[in-house]
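Here are my notes for your first look. Keep the structure open as you read, and find each residue as it comes up.

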Amino acid sequence: MEGGFHTDLVAALVALGGLAGLTGLALYAIRRAKAARRRQIEEVGAAVAAPRPKRRALRPEDVEGGAAEAEPPASKTPLSTAPWLAPSQPSPASVSPAAAPEPVSPEAPGPVPREALLSKASTAVLSIEPATPVGRPPSRVPSPLLVEKPRGPERLMPVRKRDVAALVPGLEPTRSGWVKRLGQLFAGKKELDPVLLDEIEKVLLTADIGVRTSQKLLSELREFLDKKAIKDPAAVWGYLRRRSVEILTMDAPAIDFAAAQPFVLLIIGVNGSGKTTTIGKLASKLQSEGKKVLLAAGDTFRAAATEQLEVWGAKVGALVVRGKDGGDPSSVVFDGVKRARSEDIDVVIADTAGRLHTKKNLMEELQKVRRVAGKALDGAPHETWLVIDATSGQNAIAQAQEFTKDMSVTGIVLTKLDGTAKGGVILGIADQLRIPVRYIGVGERVEDLREFEAEDFVEALFGEAPTGTEDVS
Ligand SMILES: Nc1nc2c(ncn2[C@@H]2O[C@H](COP(=O)(O)OP(=O)(O)OP(=O)(O)O)[C@@H](O)[C@H]2O)c(=O)[nH]1
Ligand SMILES: [Mg+2]
């Protein structure tokens, strides 16, 4: 009996011991599992909390060369389109859909393939990458719709869209004038002879290029022909084309309207040259790129001039600052720049009354406008553009020379090229003044103001080079 009791007791103790052991094992397993889970959570937490590289959504100023550091103010027109991206085209993947622009104006330049845009920016990473597995180092966590800010000189630069076909109709009068005559001289000629050289001289001298520039081209031509004994008319044609590009190409960086806030542009020129129209077209272009533009009605001479500017302002959605009729134009420009500063405007374009370069008092008035603009904002005006009517032919060269004596002109706008065969004047102006031509007007429509690009212009003017053309230099 007593032995049976002991056996039961031992069995009970063994069972209890087994149970305790099992419980202990179970608790140990649970603790291990919890620890493992905690480690997992900590790893993820560390990955999330670790500082991320400086990446942020692409902003327009990144591609425009604007004030990339500054947050765009809330009051600003939403913008996300660079000049080279047509508003009507889908934005690049890097631009958040929320910031996608509404087209403002129809004349925005056409799109540039995204690949082309990217190829210019070696540091830009426009990433749409698969999600990164948890636990990877944060620096390798790609984020869709984020872009690494390009650094230094390698910032995204606009890729220029070639525009030759669009220029051809506007340049038709000049193209079918002296350029055609020049081309006809070469047609069917196998060899260059002195008679042909004389004919070339005649055409160039009547081409409104100006006597000086024509003579220069001819003497260069003779020199090359003597030296290299080149008899091939096609080579001469090629030479004239190439020299034209060289004359029209200036060592001047593209205008960066984001270089100042606001960027102040003063427009000057003789009566009726196309100043106000150019201002309207340019304002439309800039607004469509997302910039806020203010127009200063510095032509206080004619009441109709201010109204004309106001019509443009309303059309393109730009603010217009006006003064009293007959008032001091410099005070209008001063008010315009001040207002632009307080309202976060990007570009101020100041109109002025047309004037003859021969009128000393009127030229002094312009100088005052310049000085006063500088009082409203250090460094203003950042550019002063002389608007020249191409129909005035060689007189335009004389005009430009006079204006540049009194004013520091930084750019030329040549208007009305569509209405004249005197487009050659552009060569004379560029050659003799060495001031960059910034825009050309090839019609009255808002889209007829075209950014000037020497090669496109020459190609549109001369057409395709005859077969067999080679450089004589
Ligand atoms: N065909 C053509 N006409 C132009 C062009 N640019 C301007 N015009 C026309 O030229 C005329 C004069 O233009 P405006 O802009 O008023 O000239 P403005 O220099 O401001 O004139 P003022 O203020 O009187 O000195 C207008 O009828 C314009 O439509 C152009 O590129 N081509
Ligand atoms: Mg005007």
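1. Which residue follows α10, and what is the sign of its phi? The residue is G317, and its phi is positive, near 80°. Bear in mind that this is a predicted model.

2. Now step back into the helix itself. Helix α10 covers residues 303–316, which makes 14 residues. From first C-alpha to last, α10 reaches 20 Å. That is close to the 20 Å expected at 1.5 Å a residue.

3. Next, look at what α10 hides. Its buried residues are A305, T306, L309, W312, G313 and V316. They cover an arc of only 120° around the axis, so they sit on the same side of α10. Turn to the other side, and you find A303, A304 and A314 exposed.

4. What covers the buried residues of α10? The cover includes helix α9 and three strands: β4 (293–298), β5 (319–321) and β6 (347–352). Pick them out one by one in the viewer.

5. Helix α9 comes up again at ligand 1. This helix, residues 275–288, gives the most to the shell around the ligand, with three residues. The shell holds 20 residues, and G274, T276, T277, G354 and G441 come nearest. By type, the shell divides into 12 polar, six charged and two nonpolar residues.

6. Compare α6 with the ideal length of a helix. Helix α6 runs over residues 194–205, 12 residues in all. At 1.5 Å a residue it should span 16 Å. Its end C-alpha atoms are 17 Å apart, which agrees.

7. Which residues of α6 are buried? They are I200, V203 and L204. Seen down the axis, these buried residues fall within an arc of 95°, so they line one face of the helix. The face turned away from the buried side carries the exposed residues P194, V195 and D198.

8. One single residue to finish. K368 is found in helix α12, residues 360–376. Why is K368 called partly exposed? A residue counts as buried at 20 or more other C-beta atoms within 10 Å, and as exposed at 12 or fewer. K368 has 14, so it falls in between.

9. Last, check a pair that includes K368. K368 and S331 are 37 residues apart along the chain. Their C-alpha atoms are separated by 9.8 Å. Find both on the model and trace the chain from one to the other.

Key
Residues are numbered from 1 along each chain as its sequence is written. Chains are lettered from A and ligands numbered from 1 in the order in which they are written. This is a predicted model: local features need pLDDT of at least 70, side-chain atom pairs count only at pLDDT 80 or more; totals for chains, interfaces and linings use all residues. Helices (H or I, at least four residues) and strands (E, at least two) are DSSP runs, numbered from the N terminus. The expected span of a helix is 1.5 Å times one less than its number of residues. The arc is that of the directions from the helix axis to the C-beta atoms. A residue is near a molecule or strand if its C-beta atom, placed from the backbone, lies within 6 Å of it. Ala, Val, Leu, Ile, Met, Phe, Trp, Tyr, Cys and Pro count as nonpolar, Asp, Glu, Lys and Arg as charged, and the others, Gly among them, as polar. Two residues are in contact if their C-beta atoms, placed from the backbone, lie within 7 Å.
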